[in-house]
Structure formats: structure tokens, C-alpha cells
Amino acid sequence: MKKAAISLFAFLAGTSFAMAGDAGCDAFKWPVTREQALFPEAPAAQSGAALTVGQAVDLSLAAVDTISFEVPPQRAPAAGSFGATASVTVPPEGELQFSLSDEAWIDVVQDGHSVKSTGFSGVKTCPGIRKSVRFKLSAGGPATVQLSGAKKADLKMAVLTPE
């Protein structure tokens, strides 16, 4: 009887944990299922990489004081943190959504100016996805993505058009 009670408790605890993980991802303002599908197979990329809309990368970051940002980050990065830059061509719709696996500040620069985000959603309880940020950009033009203030030397980033 005791074994059955312990087994039942373990099963219920595991089920509750799985449900809590799903509920955590459902707390985003918009779906992150595409990111969840892309992140496990994201190819490695270095700072300076050219990003492709509709894909994710596993980005290696460098010490933030070694990164040459096009414009200073909107939020000053902490000493000892990590960062990277990347480029992307904006699709005709002009809207992009960047989702990150871990905490980091994200700036998008176009025509030499930081572009203010049009939407933000962050959740600490979604396994593998920490935040998602949307930007309205000039269609068809190049943009630079600047990451700063990361606590780890790598993170995954998906570049998508909003659903």
C-alpha cells in the first residue's frame, strides 16, 4: 500500500510539473510554439552572423566590452556580461519578432538609430524561452541586432515574423 501511495504521489508530482511547464509558456502574450520547435535544432553561430527570418541560431556571445556596437545599448550592460551583434534583412511586412532562450537586452538598429520595440513578453517559467520582443522596421532594409547584458556566453535566438 505504501509503495502504491508513493508511486501515485510521484506520478501526480510529475504530471503537475509538466502542466506547470506548459502553463508557464502559455503565459506569453503570444504563442512561442515555433521557437520551441526551432531551438532544439538551432545551428551554432558567432557574433556578426547574418540571420535568416524563420530560423533560430545558437549564438556564441563574447565579453560585452569586446563587442563593437553600432549604437550604445539602450540599457548599459553589467560588467562581466556577454553580448553579440548580428544582421538581418527585414521582410516586406516590416515586422520582426526576436525570441531569446535566456535573459539579455536586445536592441535593433536600423539607419543608425535604435528602433523602439512595439511589443514585449517575458516569462521566467517557460523552459528554454525567456523573452520575445517585436519591432516594426523599414521593410526590405538591413537591420542590426545587438544583444548585451547576458549572464552566459551563449543563447538561442529565433527571428520570426509575428503571428
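**Notebook: pocket, sheet and cores**

I began with the largest pocket and listed its lining: 24 residues, of which Arg75, Ala104, Trp105, Ile106 and Lys131 lie nearest its centre. I note that the model is a predicted one.

I then looked up the volume of this pocket and recorded about 470 Å³ of space. Sorting the lining by class, I obtained 11 nonpolar, 6 polar and 7 charged residues. I next asked which strands supply at least two residues each to the lining. They are β7, β8 (113-115), β9 (117-122), β10 and β11. The largest share, 4 residues, is that of β7.

**Entry on β7**

I selected Val108 for a closer look, as a residue of strand β7. Is Val108 buried or exposed? I found a relative accessible area of 0%, so I entered Val108 as buried, the cut-off for that term being under 20%. With residues up to four places away in sequence left out, I listed the residues that Val108 touches: Phe98, His113, Ser114, Val115, Phe135, Leu137, Ala143 and Thr144. I also checked Val108 against Val145, 37 residues apart along the chain, and found their C-alpha atoms separated by 4.6 Å.

**Entry on the open sheet**

I traced an open sheet of 6 strands and wrote its order as β1-β3-β12-β6-β10-β9, with mixed pairing. The edges are held by β1 (44-45) and β9; each has a single partner strand, so one side of each has no neighbour in the sheet. For β9, I looked up the pairing with β10, which is antiparallel and runs over 5 bridges. Within this, I noted Val133 in β10 as the bridge partner of Phe120.

**Entry on the nonpolar cores**

I turned to the largest nonpolar core, which has 26 residues; Phe98, Leu147 and Met157 touch the most other members. I recorded the elements giving two or more residues to this core: β2 (49-51), β3 (55-60), β5 (82-89), β6 (95-100), β7 (105-110), β10 (131-136), β11 (142-150) and β12 (154-160). Which element gives the most to this core? It is β11, with 4 residues.

I followed Leu147 further and set aside its neighbours within four places in sequence. The contacts of Leu147 are then Leu59, Leu61, Phe69, Phe82, Gly83, Ala84, Leu100, Trp105, Ile106, Leu155 and Met157. Of these contacts, I marked Trp105 and Ile106, since I had already entered both among the residues nearest the centre of the largest pocket.

Last, I noted a second, separate core of 11 residues, including Phe28, Ala42, Ala56 and Ala158.

Notes
Residues are numbered from 1 along each chain as its sequence is written. This is a predicted model: local features need pLDDT of at least 70, side-chain atom pairs count only at pLDDT 80 or more; totals for chains, interfaces and linings use all residues. Side-chain values use heavy atoms; hydrogens and water are left out. A nonpolar core is a set of buried Ala, Val, Leu, Ile, Met, Phe, Trp, Tyr and Cys residues joined through side-chain atoms within 4.5 Å. Buried means under 20% relative accessible area, exposed over 50%, partly exposed in between (1.4 Å probe, protein chains only). Contact means heavy atoms within 4.5 Å. On a 1 Å grid over the protein atoms alone, a cavity is a set of points where a 1.4 Å probe fits but cannot get out, and a pocket is an open set with protein on both sides within 12 Å along at least five of seven lines; lining residues have an atom within 4 Å of a point. Grid points are joined across faces, edges and corners, and a volume is the space filled by probe spheres set on the points. Ala, Val, Leu, Ile, Met, Phe, Trp, Tyr, Cys and Pro count as nonpolar, Asp, Glu, Lys and Arg as charged, and the others, Gly among them, as polar. Two strands pair if DSSP finds at least two bridges between them.
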